[in-house]
Amino acid sequence: MPSVALLSQSVLSGVFLGALYGLLGLGLSLSWGLLRQINLAHFALAFLGAYLCYQLSAKGGMNPLATLAVIVPAFFVLGAAMQWVFARFRVSAFNSLLVTFGLTVIIESVIQGIWTADFRRLDSVYGDAKFKIGILYVPVPELITLGLSLALAFAIWAILRYTDMGRALRATAEDGPIAAAFGVNQKALGLLLAGTCAALAGVAGVCIALSYTLAPAQIYAWIGVVFATVMLGGLGRALGPIVAGIVIGVSESLTMAITSPAWAPLVSFSLLILVLLLRPGKI
Amino acid sequence: MRNVVAAILLAGGALALLPLVGLPLFYESFLYLVFHWIVLATSWNILSGYSGYFSFGHGAFFGAGMYTTAVLATRYDIPFLLTLPAAALVALLLGVALGAVVFRVKRVRGELFALATLAFTFVVGTIVLNTPIDGGPGIALSGVAVPALGRSAASSFYLLALALGVGTLIIAYAVYGSKLGTGLFAIHDDEDVAEVLGVPTFRYKMAAFAISCALAGVAGGLHALFVSYVTVSETFSITVPLSVVLMSVLGGTRHWAGPAVGAALITGLLYAFTAGDHALAGKVVFGVVLIVVILFMPDGVLGRFTARRQRHRRIPKITLAEESLSALPRMPRAATGEPLLVARGVRKAFRGVQALDGVDLEVRRGEILGLIGPNGSGKSTFINLVSGHYRSDAGTLLFESRDIARRDAHLIARAGIARTYQIPRPFAHMSVQDNIALPAMFGAAALDRSPALSEARRWLAFTGLSTQVDAFPEDLNLHQRKFLELARALASRPRLLLLDEVLSGLTPGEINDAVDLIRAIRDDGATIVFVEHVMRAVMALSDRLVVLDHGIVIAEGNVTTVMDHPDVVTAFLGRACA
């Protein structure tokens with residue numbers, strides 16, 4: 001049995017990893033639950049964001065967090081433009097999977113064309129910065145990710161729950177035509193929401209750039225576990241993905257610490273299957 | 001049927017001659033990949049496309065086949081071709097084990113099923129990776145002999161994949177046209193209704209899953225030798241499920257050949273655009289083609305074709321003279337009086353709301369029993385219990401002296417009970433005729449497909465829908481949908497017919513027509529339980545009345561005595577204020 005220090009350190013790194021799962025899952029969950037789109041391109045967008053952050057800070061000398069000021073609005077416009085096409089052609093849920101896969105391939109090629117297929121690593125001011133609390137080491141980039149995830153999840157939760165716009169969004173998700181009959185402007189809400197989801201992908205991208213090595217093929221590495229996070233957390237919910245992400249992240253890193261890293265997926269996915277079978281209504 | 005199978009065999013035979021022409025080896029490898037994906041996509045479609053259970057777990061079964069062949073051929077020196085049946089069997093058993101659990105949980109449909117199967121893939125992959133099956137480094141098959149079928153290894157692989165592809169397409173086509181296929185398409189549209197109309201949904205899903213997994217397993221076994229080096233990360237990834245979904249949707253999931261078309265297109269496109277000097281630009285073009293095709297052909301390449309094919313099957317128009325009650329098929333007349341259905345102490349609660357609180361009633365053979373009561377009194381719940389849509393908490397339901405209270409809905413349908421839904425629930429993607437043929441195939445009558453189709457036409461004539469044979473439910477108005485619902489219940493030739501508010505929403509003229517129809521149905525031997533709020537029709541039709549209020553029977557007997565019963569007056573009109 002590993003030491004207490006190792007176990008608590010792995011719980012902490014699980015929380016950090018889970019926060020990134022949750023942040024990636026947040027945008028995916030919102031567009032899936034509220035717009036009925038399964039947006040595979042979310043992962044490609046996140047990596048595009050990561051590469052932009054890398055470019056702007058490693059080559060352009062910007063602070064990595066300051067790149068958010070460029071990335072967020074740009075991605076918002078990109079997301080809204082995509083939604084305009086989706087709405088125009090009335091793309092169904094499973095067809096959205098195909099269209100966004102096509103988009104993923106295109107974005108992957110663009111990334112590869114500009115930054116090549118080699119690994120890229122952002123050496124930023126945060127880089128390897130970490131500090132110690134008691135027996136735990138806290139890496140700064142991961143802490144930033146956790147902070148951003150929690151802040152965004154709570155902000156979106158509050159918007160969905162307490163504002164008229166949030167109520168209109170939830171009503172539209174439940175029954176679009178009825179909501180429209182009561183004066184909800186579906187089209188505008190769709191553009192806004194899709195823009196927000198893309199912007200979230202951009203934020204997740206900056207977080208990825210802060211902590212991870214980048215390569216175009218990495219786009220596909222996250223899909224399985226983030227999908228699991230989204231389903232476990234519930235479609236169209238704001239806090240669900242973060243909680244589910246942290247549950248999965250912690251269970252993964254604990255398994256890594258206790259057994260071997262290779263067993264990690266077993267725990268999280270078995271957990272998921274059990275939840276699906278035993279409490280399908282709660283998802 | 002024969003023609004299509006012959007055409008598939010002929011095409012396969014012609015393609016088998018290709019290596020003789022002396023193609024460069026490279027093309028044979030490319031063609032191998034085309035057929036590899038045709039097998040995977042088509043096998044996926046047999047469960048997922050037909051029944052709508054989109055599986056993201058195809059990689060698990062493909063991988064199970066790969067590792068079965070790899071282990072048997074390298075560690076036990078079993079000849080390669082003999083490992084393929086084992087690969088199919090292992091994949092099949094894995095699928096059956098997963099299905100036996102997942103298909104029992106009613107809510108695991110749609111996205112949840114997709115997720116459960118995806119998670120299953122990673123679980124299987126992790127187990128393979130961490131146990132001696134693989135153990136980490138992967139398995140190399142370089143020492144395994146390739147069966148010498150062609151002039152080179154590449155030709156042999158091509159011929160094997162071609163044979164498997166031909167077999168898979170014939171199986172997919174056979175399922176498509178069979179009773180199994182019809183049942184799967186019904187499950188796709190509305191699984192609960194399919195079950196109530198007599199489709200053994202659990203068994204059908206298991207059968208389709210087993211076929212689908214076994215084929216994926218063989219494809220995996222073959223591919224293991226083709227790539228000659230098997231690793232977990234390449235095998236149990238998202239690539240296989242994602243690719244087969246893409247190919248099937250691109251080609252059209254509602255057609256047996258759709259996935260094959262999609263597989264050929266995507267494999268060909270990927271090759272055409274990514275081989276050569278401009279691989280990156282080619283990938284972009286691939287993405288653009290995929291997007292454009294889906295935006296402009298949302299039902300897939302063969303989507304249009306399926307819709308047109310269904311509309312094509314025009315049958316001679318039936319003249320108005322034929323559209324009369326004389327079209328009614330004869331049913332054996334039964335003596336009235338003896339009990340057909342006996343309910344004793346039937347109870348059902350929904351989260352604390354006691355919908356039925358110990359109902360005792362009797363339906364006698366040959367009668368029309370009116371079941372009335374205020375809203376929420378439990379009438380529809382009673383129908384839902386008798387038809388097996390819900391299961392009762394307690395009590396017995398004896399139909400022809402056998403207890404049906406705990407039986408699966410499809411067995412109840414087969415025993416001779418049919419129902420209509422208050423809000424019509426037609427199968428949206430089936431023509432009106434197919435909607436009605438389905439219960440004729442799966443209900444008490446249990447006909448084959450072509451007699452079921454002519455049976456359907458007779459019931460269409462009976463309900464006056466003959467001009468709508470080829471229409472789809474969305475083209476019908478409410479009155480026509482109600483009559484479609486009625487025709488669908490009748491086509492199973494039930495001995496007990498449960499009508500749940502068939503008249504609500506109809507105009508007075510339409511109600512008169514319906515009353516005549518119902519009387520004609522009874523005159524031909526069916527026993528009818530009739531839930532209705534239109535009192536005029538209740539009074540005109542019912543031989544006896546049963547009144548429910550708050551889940552219990554408050555009055556029972558002939559029409560006039562029941563309507564004068566003080567409790568009944570109170571239940572409907574409230575207590576007199578004096």
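Is Leu214(A) buried or exposed, judged by its C-beta neighbours inside 10 Å? Leu214(A) counts as buried, with 21 such neighbours. The legends below describe this residue and other parts of a predicted model.

**Figure 1. Surroundings of Leu214(A) in the loop between α8 (186-211) and α9 (223-233) of chain A.** Leu214(A) has 21 C-beta neighbours inside 10 Å and is therefore classed as buried, the cut-off being 20 or more. The C-alpha atoms of Leu214(A) and Phe119(A) are separated by 5.4 Å, although these two residues are 95 residues apart along the chain. When neighbours within four places in sequence are left aside, the contacts of Leu214(A) include the aromatic residues Phe47(A), Tyr51(A), Tyr54(A) and Phe119(A). Ala50(A), Arg120(A) and Ala209(A) are also in contact with Leu214(A).

**Figure 2. Helix α1 (residues 4-35) of chain A.** The 32 residues of this helix reach 45 Å from the first C-alpha to the last, close to the 46 Å expected at 1.5 Å a residue. A bend of about 30 degrees occurs in α1(A) at Gly25(A). Because 24 of its 32 residues are buried, α1(A) is largely enclosed by the rest of the structure. Arg36(A) follows α1(A) and has a positive phi, near 55 degrees.

**Figure 3. Helix α4 (residues 93-115) of chain A and the residue that follows.** Helix α4 of chain A comprises 23 residues. From its first C-alpha to its last it reaches 32 Å, close to the 33 Å expected at 1.5 Å a residue. Thr116(A), just after α4(A), takes a positive phi of about 60 degrees.

**Figure 4. Contact between chain A and chain B.** Chain B contributes 35 residues to this contact and chain A contributes 34 residues. On the side of chain B that touches chain A, the elements giving two or more residues are α6 (110-130), α12 (239-251) and α14 (279-296) of chain B. The most is given by α6(B), with 13 residues. By class, this side of chain B holds 29 nonpolar, three polar and three charged residues.

**Figure 5. Overall build of chain B and its two domains.** Chain B contains 24 helices and 12 strands. Its C-alpha atoms fill a box of roughly 95 × 55 × 45 Å along the principal axes. Of its 578 residues, 51% count as buried. Among contacts in chain B between residues at least 6 apart in sequence, 75% join residues at least 24 apart. The chain is divided into domain 1 (15-245) and domain 2 (338-573), and the centres of these domains, taken over C-alpha atoms, are separated by 43 Å. Their contact takes 16 residues from domain 1 of chain B and 20 residues from domain 2 of chain B. On the side of domain 1 that touches domain 2, the elements giving two or more residues are α8 (179-189) and α9 (191-196) of chain B. The most comes from α8(B), with six residues. This side of domain 1 has seven nonpolar, four polar and five charged residues.

**Figure 6. Strands β3, β6 and β7 of chain B.** Strand β3 (residues 339-350) and strand β6 (residues 394-399) of chain B pair in the antiparallel sense over five bridges. In this part of the structure, Ala343(B) stands opposite Leu397(B) of β6(B). Strand β6(B) also pairs in the antiparallel sense with strand β7 (residues 402-403) of chain B, over two bridges. The bridge partner of Leu398(B) in β7(B) is Asp403(B). Two residues lie between β6(B) and β7(B) in the hairpin that these strands form. Glu400(B), in the turn, has a positive phi of about 50 degrees.

**Figure 7. Two loop residues of chain B with positive phi, Arg493(B) and Glu501(B).** Most residues other than glycine have a negative phi. Arg493(B) has a phi near 55 degrees and is found in the loop between α20 (478-490) and β9 (496-500) of chain B. With 21 other C-beta atoms within 10 Å, Arg493(B) is buried. Glu501(B) has a phi near 50 degrees and is found in the loop between β9 and α21 (508-523) of chain B. Glu501(B) has 19 C-beta neighbours inside 10 Å and so counts as partly exposed.

Terms used. Residues numbered from 1 in each chain as written. Chains lettered and ligands numbered in written order. Predicted model: local features only at pLDDT ≥ 70, side-chain atom pairs only at ≥ 80, totals over all residues. Helix = DSSP H or I, 4+ residues; strand = E, 2+ residues; numbered from the N terminus. Expected span 1.5 Å × (residues − 1). Bend = angle between axes of the 7 residues up to and from the residue. Buried ≥ 20, exposed ≤ 12 C-beta atoms within 10 Å, placed from the backbone. Contact = placed C-beta atoms within 7 Å. Nonpolar A, V, L, I, M, F, W, Y, C, P; charged D, E, K, R; others polar. Pairing = 2+ DSSP bridges. Domains from an automatic or database assignment.
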